[in-house]
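Thanks for coming. I will walk through one structure today, starting with a single residue and working outwards. Please have a look at it before I begin.

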Amino acid sequence: MKINNNYIASFLLFAEILVGQEVSAQEKTDETLKQLVRSAIEYAPKIKEQQQMVSIGDYRTKVQESALKPQIQSEIGVTRIDPVAKATFATTSLQFQPNMNYNANIGANYVLYDWGKQAINIEKSKLETELSKTGVEGLKNIYAYQVANLYYGIIYTQKAIEVQKEQLKLVEDNGKIIGDRLKQGDALDYDQVTIQVRYKNAETRLSDLQSQLERQYIYLSSLIGKDAHGVIPNNADFNLGLASLSTEEALNQAQNSNFDLKTLKDRDLIAEREVKIAKMGSAPYIAANASLGLRNGYLPRINGEIPPISDDFKFGSTVGVKLTIPVYSGNKTAHQTEIARLNREMLKYTAEVTNQNLKRDLEAAQNDYNTAKNKLDLSERNVFQAQYALKLANARFKNGVITNVEIEASQTALREAQLTQLQYQYQMSIAQLELNRLTGIKFW
C-alpha cells in the first residue's frame, strides 16, 4: 500500500506535539507515583512491625552494654537451721550459731577483664540491629515496586479501555450506516445482526477491562490504606524516568544496592562475631565483688541465752577479686566454634547462589526490555499503517465501494495494532521496573 507523504509529515508533526505534552506530564506522573509509594510505606503495618524490631535491637544492645557496668543487688533473708553445733563444758552449753539467722546486705559484682568477650557481644548486637534496619529498607523497596507495578498496570488498563471505547464507537458508527442501507435496501438483515454481535462483543471486552481496572484499584487502595480511585492522572505514561543500565552495570551496582546481598553481608558480619564469641567460650575472666550488710550470730549462745540485739547484730563487709578459668567442658567450645564457622561458610555459598540468580534475573529482565523495545518500534509503524488503512477504508465504505466485512477487518486491525503497542510499552515498563528492583535503585 502506498502512503501519501503529506499524511506522513502531518503524523510526524502530531507526534512531536505529543512528545512535548508527555514531557510536561512526566513530572506530574513521577510525583504521583512517588506520593503513592510514600503513602504505602507510611501505611504498611508490616513495615511498622519491622521497625519495632529495630527498637528491640537497640534495647538488646543496651542489655549487652549493661554487663560492662557493676551489678548491684540487695538481699534480705531469714534462715532456720536445725540442728546446730553445740559444745558442753561441765554445766555450760555453748552454741556457736543461732537457729534463726537473719541477714540483710547489699552487694556488687564487676567484671574487671574478660579478654574482650563482652565487647564482641555488643558489636554483634549492634550488627543485628543494622540487619533489622536493612530489613526495613528492603520492605520499603518491596512495597515501592509493588505500587509501581500496579501503577503501570492501571495505566495500561486505562489506555486499553480508551482503545476499546474507540473500537466500540467505530462499531456503533458502522451500525448506523448499515441501518441506513438496510432501509434503502442496500444491506441485508445478516449485516445488521453481524454488527450487533460485534457491538455486544466489544461491550463485553470493555466490561472485562473495566473489571480488571477495578481489581487493580482495589489492590492499590489496600497498599496505600485509602481509596486510590482518581489518583492516577489520565495523561500518565509508562516512562519511569530512570537511566537505563546494562546488565554488567546493573550487576555491579547491585553489589552495594541489592537488598538480598545487603542482608547477606550483614549476616556475614554477625556470623564473624559469632565465630569469635564461640572461640572465647573457654576464656577466663577477672571479677571483683564486695558486700556490706547486717546479720546476727556474731556471739555464741551460752546456755541457750540470746544476746542483746545490739551485741548480736553487727555490720560486716567483704571485698574480693577472683579469676575464673574454665578447665574442661566436654569440648563444648570446640564444637560451638565449628558450628559458627560452618554457618559462616554456608553464608558464602548462599551469597554465590544469590549472585548467580541475580545475574540470571538481570539478564532475563534486560532481554525482556530489549525484546519489547524492538517490537514496540515495529508496532508503532503498524499502528500508523493501520490508521491510514482505516481512513481509506472508511471513505470507501461510505461510498459503498467495500463491504462490511472489509471495514470490520480494517477496524479490527487498528484495534489490535493499538493494543499490541500498549502491551509492548507496558512490557518495557515492567522489565525496567524489574531491572531497577533487582539493582536496588530507590526511585521514590
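Where is Gln 97 found? Gln 97 sits in the loop between β3, residues 92-95, and β4. Before I go on, please keep in mind that this is a predicted model.

Staying with Gln 97, how exposed is this residue? Gln 97 has a relative accessible area of 34%, so it is partly exposed. If we set aside residues up to four places away in sequence, Gln 97 touches Ile 81 and Val 84. There is also a link across the chain: Gln 97 and Tyr 298 are 201 residues apart in sequence, and their C-alpha atoms are separated by 8.1 Å.

Now the chain as a whole. The chain has 444 residues, and 36% of them count as buried. Its secondary structure comes to nine helices and seven strands. Take the contacts in the chain with a separation of 6 or more: residues 24 or more positions apart account for 84% of them.

Next, the strands on either side of that loop. β3 belongs to an open sheet of three strands, in the order β2-β3-β6, and the pairing there is antiparallel. The edge strands are β2, residues 86-89, and β6, residues 301-302, and each of these pairs on one side only. Between β3 and β6 the antiparallel pairing runs over two bridges. Within that pair, Leu 94 stands opposite Ile 302 in β6.

β4, on the other side of the loop, belongs to another open sheet. This one is made of four strands in the order β1-β4-β5-β7, and the pairing is again antiparallel. Which strands are at the edges? They are β1, residues 71-80, and β7, residues 314-324, each pairing on one side only. From one strand to the next, the twist averages 20°.

As a general reminder, strands of a sheet pair through backbone hydrogen bonds, either parallel or antiparallel.

β4 has a partner on each side in the order I just gave, namely β1 and β5. With β1, β4 pairs in the antiparallel sense over ten bridges. In that pairing, Ser 74 is opposite Ile 106 in β4. With β5, residues 285-295, β4, residues 100-113, pairs in the antiparallel sense, over ten bridges. Two positions can be picked out here. Ala 108 has Ala 290 in β5 as its bridge partner, and Tyr 110 stands opposite Ala 288 in β5.

That is it for the sheets. On to the helices, where I will take one pair and then three single residues.

The pair is α5, residues 247-257, and α6, residues 259-279. Their axes come within 6 Å and cross at roughly 45°. That angle makes α5 oblique to α6. The crossing of the two helices is right-handed. Which residues meet there? From α5 we have Ala 254, Gln 255, Asn 256 and Ser 257, and from α6 we have Phe 259, Leu 261, Lys 262 and Lys 265. The residues of this contact divide into three nonpolar, three polar and two charged.

Now the single residues. Leu 150 lies in helix α3, which covers residues 117-184. Is Leu 150 buried or exposed? Its relative accessibility is 17%, and the cut-off for buried is under 20%, so Leu 150 counts as buried. Leaving aside neighbours within four places in sequence, Leu 150 is in contact with Gln 216, Tyr 219, Leu 220 and Leu 223. Leu 150 and Tyr 217 are 67 residues apart in sequence, yet their C-alpha atoms are 8.1 Å apart in space.

The second one is Ser 221, in helix α4, residues 189-224. Ser 221 counts as buried because its relative accessibility is 14%. Apart from its neighbours within four places in sequence, Ser 221 is in contact with Lys 226, Asp 227 and Ala 228.

The last one is Ser 429, found in helix α9, residues 404-439. Ser 429 has a relative accessibility of 5%, so it counts as buried too. What does Ser 429 touch, not counting residues up to four places away in sequence? The answer is Tyr 152 and Phe 238.

To finish, back to the start: Gln 97 is partly exposed, whereas Ser 429 is buried. Thank you.

Definitions and conventions: Residues numbered from 1 in each chain as written. Predicted model: local features only at pLDDT ≥ 70, side-chain atom pairs only at ≥ 80, totals over all residues. Heavy atoms only, no water. Axes fitted to C-alpha atoms, helices over the stretch in contact; angles between N-to-C directions. Parallel < 35°, antiparallel > 145°, perpendicular 65-115°, else oblique. Left-handed = near helix turned anticlockwise from the far one by under 90°. Contact = heavy atoms within 4.5 Å. Nonpolar A, V, L, I, M, F, W, Y, C, P; charged D, E, K, R; others polar. Pairing = 2+ DSSP bridges. Buried < 20%, exposed > 50% of the residue type's maximum accessible area, 1.4 Å probe, protein only.
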